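Please look through the structure below with these notes beside you. They are meant to be read slowly, one point at a time, with the model open.

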Amino acid sequence: MLEPIADKLRQAKNIVFVTGAGISQESGIPTFRGKDGLWRKHDAMKLATIDAFYEDPKLVWEWYEERRSNILAAEPNAGHLAIAALEKFKPVHILTQNIDGLHQRAGSSQVHELHGSIITVRCTVCDFKDTITSSFPKLPPICKCKNMLRPDVVWFGEPLPQGVWNSAICQARSCDVMMVVGTSLAVSPANLLPVYAKQNGAAVIEINPEETPMSADTDISIRSSAAKALPELLSIFQK
Ligand code: BV8
Ligand code: ZN
């Protein structure tokens, strides 16, 4: 699958991955817009917003608690592990839209979480923020300062964390290879990152069983799943 761009990969000085829910699909975490999609059952535009949270914090927290327990029970798959192993051969940065922490659990060290983390919880008022992997006895959970806690994710209509977004743009503008894996590129501004890579003259490679709006503009778009294609990518460096 990857033979046509093997030399480009071997000569790469800085490989950047943009990943989405598709890379965690083979860890048993449903994607958003796919047939098993999370958003089929729930209208995420209704739930993943600050208005929904203040309108019905218990309902939004029930949705996040269901996802937290599924994510905490999941394991990184061969796709996550291959990207982590790649760090032995090349500088690798991961710009992920995912909030599941599986890249870090696979051993990747340079992970930029564009949409936050479902494992981290923060206060809606004070600066309390912590990684909490246990489930909450009462929803919504309340902070010591008596205000509601919220998942430390970026909701629709909320800006991405400024520092994370700035470093993501820098990475997209300075990489020589960008791998776009498991994302429909439906959500902005993350979907601009492959455009920035193209503008900087990087080779853009996509791995996705389905076509996306970017497919036609990539150097190669591989119709495969992440857990199949990424170990093959790694084998290019192991020869
Ligand atoms: C912002 C965290 C500005 C929460 C997420 C109209 C109305 C309202 C808003 C907008 C609008 N138009 C545009 C907007 C902006 C909006 C947006 O883009 N909306 C879209 C839906 C139209 N964006 C925002 O609001 C962003 N903020 O713009 O702020 C601003 C600036 C300053 C000041 C104030 C405001 C914030 C966006 C972040 C939202 N949070 N998640 C949570 O998860 O609960 S987004 C959510 O979608 C996830 O993070 C997810 O990562 C992301 C993108 O989805 P994908 O990862 O691509 O997943 P998807 O299911 O779509 O696709 C999976 C792909 O994998 C498919 O292509 C499939 O083929 C493939 N696949 C399947 N299996 C496999 C596979 N690939 C490989 N292997 C497999 N096995
Ligand atoms: Zn507080």
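1. A good place to begin is a charged side chain and a ring: the charged end of R67 sits over the ring of W63, and its distance from the centre of that ring is 4.5 Å. Please keep in mind, here and in every point that follows, that this is a predicted model.

2. A second arrangement of this kind involves R173, whose charged end sits over the ring of Y196 at 4.6 Å from the ring centre.

3. W63 also belongs to a group of rings, since one aromatic cluster is formed by F53, Y54, W63, Y64 and W155. It may help to select these five residues, F53, Y54, W63, Y64 and W155, and to view the cluster by itself.

4. Aromatic pairs deserve a point of their own, and with ring centres required to lie within 6.5 Å of each other, the count comes to six aromatic pairs. One of them joins F89 and F237, with 6.0 Å from centre to centre and 25 degrees between the planes, and this pair is stacked, because planes under 30 degrees apart count as stacked. The pair links distant parts of the chain, for F89 is in the loop between α6 (78-86) and β2 (92-96), while F237 is in helix α10 (residues 226-238), 148 residues apart.

5. Are the two partners of that pair buried or exposed? F237 has a relative accessibility of 11% and therefore counts as buried, whereas F89, at 34%, counts as partly exposed; the cut-off behind this reading is that buried means under 20% relative accessible area.

6. R150 is worth a careful look, as this arginine is found in strand β6 (residues 149-153) and is buried, with a relative accessible area of 4%. If neighbours within four places in sequence are left aside, the residues in contact with R150 are I50, F53, W61, V121, R122, T124, W155 and E158. Among these contacts are F53 and W155, which are also members of the aromatic cluster described above.

7. Finally, consider the chain as a whole, for which the domain assignment gives domain 1 (1-28 + 76-115 + 160-239) and domain 2 (30-73 + 117-153). The C-alpha centres of domain 1 and domain 2 lie 26 Å apart, and the contact takes twelve residues from domain 1 and 13 residues from domain 2.

8. How much area do domain 1 and domain 2 bury between them? The value is about 960 Å², with 58% of it on carbon and sulfur atoms, and the count of salt bridges between domain 1 and domain 2 is zero.

Terms used: Residues numbered from 1 in each chain as written. Chains lettered and ligands numbered in written order. Predicted model: local features only at pLDDT ≥ 70, side-chain atom pairs only at ≥ 80, totals over all residues. Heavy atoms only, no water. Phe/Tyr/Trp six-rings, centres within 6.5 Å; stacked < 30°, edge-to-face > 60°. Helix = DSSP H or I, 4+ residues; strand = E, 2+ residues; numbered from the N terminus. Buried < 20%, exposed > 50% of the residue type's maximum accessible area, 1.4 Å probe, protein only. Lys NZ or Arg CZ within 6 Å of the ring centre and 35° of its normal. Domains from an automatic or database assignment. Contact = heavy atoms within 4.5 Å. Buried area = accessible area lost by both parts, 1.4 Å probe. Salt bridge = Lys/Arg side-chain N within 4 Å of Asp/Glu carboxyl O.
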